[in-house]
Amino acid sequence: MKSKKQYAIAFVTAPDLKVARKLSKIILARRLVACVNLVPGIESHYIWTNKLETSAEVLMILKTPRACLKKLEKSILENHPYDTPEFLVLKIESGAKRYLDWIAASVK
């Protein structure tokens with residue numbers, strides 16, 4: 001395992017697969033991420049404008065170097081249909097060297 005705190009996983013939710021695929025294509029074309037996993041069928045429960053809401057969503061799991069996070073967030077926020085899209089980031093503490101090297105080689 002390789003310890004590489006310069007990598008991150010970002011989580012974004014989208015209203016459906018069509019939007020998630022569109023966002024994925026944009027950020028992959030811009031070489032801001034190495035990989036996007038789409039997890040359809042999640043159910044989100046949250047408070048929005050003082051009201052309990054429930055919605056079906058798609059979870060996007062994005063792998064990227066931390067150096068790309070600002071541009072990645074900007075791209076997501078500019079192209080997402082939600083007023084306040086989810087954009088949460090977790091540092092990758094360690095991982096397989098070849099996989100982390102692949103992330104680095106896949107982005108600008």
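**Close-up 1. What lines the largest pocket of this predicted model.** The lining residues split into 4 nonpolar, 3 polar and 3 charged. Here's the full cast: Thr13, Ser44, Tyr46, Trp48, Glu57, Tyr82, Asp83, Thr84, Pro85 and Glu86. If you're wondering which element gives the most to this lining, it's strand S2 (residues 35-48), with 3 residues. As for the space inside, the volume of the largest pocket comes out at about 260 Å³.

**Close-up 2. The two sides of helix H3.** Zoom in on H3, which runs over residues 97-106, and you'll find Leu100, Ile103 and Ser106 as its buried residues. They all sit on the same side of H3, because the arc they cover around the axis is only 125°. Flip to the other side of the helix and you meet Arg98 and Ala105, both exposed. So what do the buried residues of H3 pack against? Two strands take that role: S1 (7-14) and S3 (51-65).

**Close-up 3. A salt bridge within H3, between Lys97 and Asp101.** Staying on the same helix, this view picks out the side chains of Lys97 and Asp101, which meet at 2.5 Å, N to O. The spacing fits the helix: the partners are 4 residues apart in H3, so about one helical turn separates them. The general rule behind this is that an α-helix has 3.6 residues a turn, so residues three or four places apart point the same way. Buried or exposed, or something in between? Lys97 has 48% relative accessibility, so it counts as partly exposed. Asp101 is partly exposed too, at 28%.

**Close-up 4. The Glu78 and Lys74 salt bridge.** Now over to helix H2 (residues 69-79), which holds both partners of this pair. The closest N and O atoms of Glu78 and Lys74 are 3.6 Å apart, and the cut-off for a salt bridge is 4 Å, so the pair makes the list. Along H2, Glu78 and Lys74 are 4 residues apart, about one turn of the helix. How does Lys74 count, buried or exposed? Its relative accessibility is 53%, and exposed means over 50%, so Lys74 counts as exposed. With this pair on board, the salt-bridge count for the model comes to 2.

Methods. Residues are numbered from 1 along each chain as its sequence is written. This is a predicted model: local features need pLDDT of at least 70, side-chain atom pairs count only at pLDDT 80 or more; totals for chains, interfaces and linings use all residues. Side-chain values use heavy atoms; hydrogens and water are left out. Buried means under 20% relative accessible area, exposed over 50%, partly exposed in between (1.4 Å probe, protein chains only). The arc is that of the directions from the helix axis to the C-beta atoms. Contact means heavy atoms within 4.5 Å. On a 1 Å grid over the protein atoms alone, a cavity is a set of points where a 1.4 Å probe fits but cannot get out, and a pocket is an open set with protein on both sides within 12 Å along at least five of seven lines; lining residues have an atom within 4 Å of a point. Grid points are joined across faces, edges and corners, and a volume is the space filled by probe spheres set on the points. Ala, Val, Leu, Ile, Met, Phe, Trp, Tyr, Cys and Pro count as nonpolar, Asp, Glu, Lys and Arg as charged, and the others, Gly among them, as polar.
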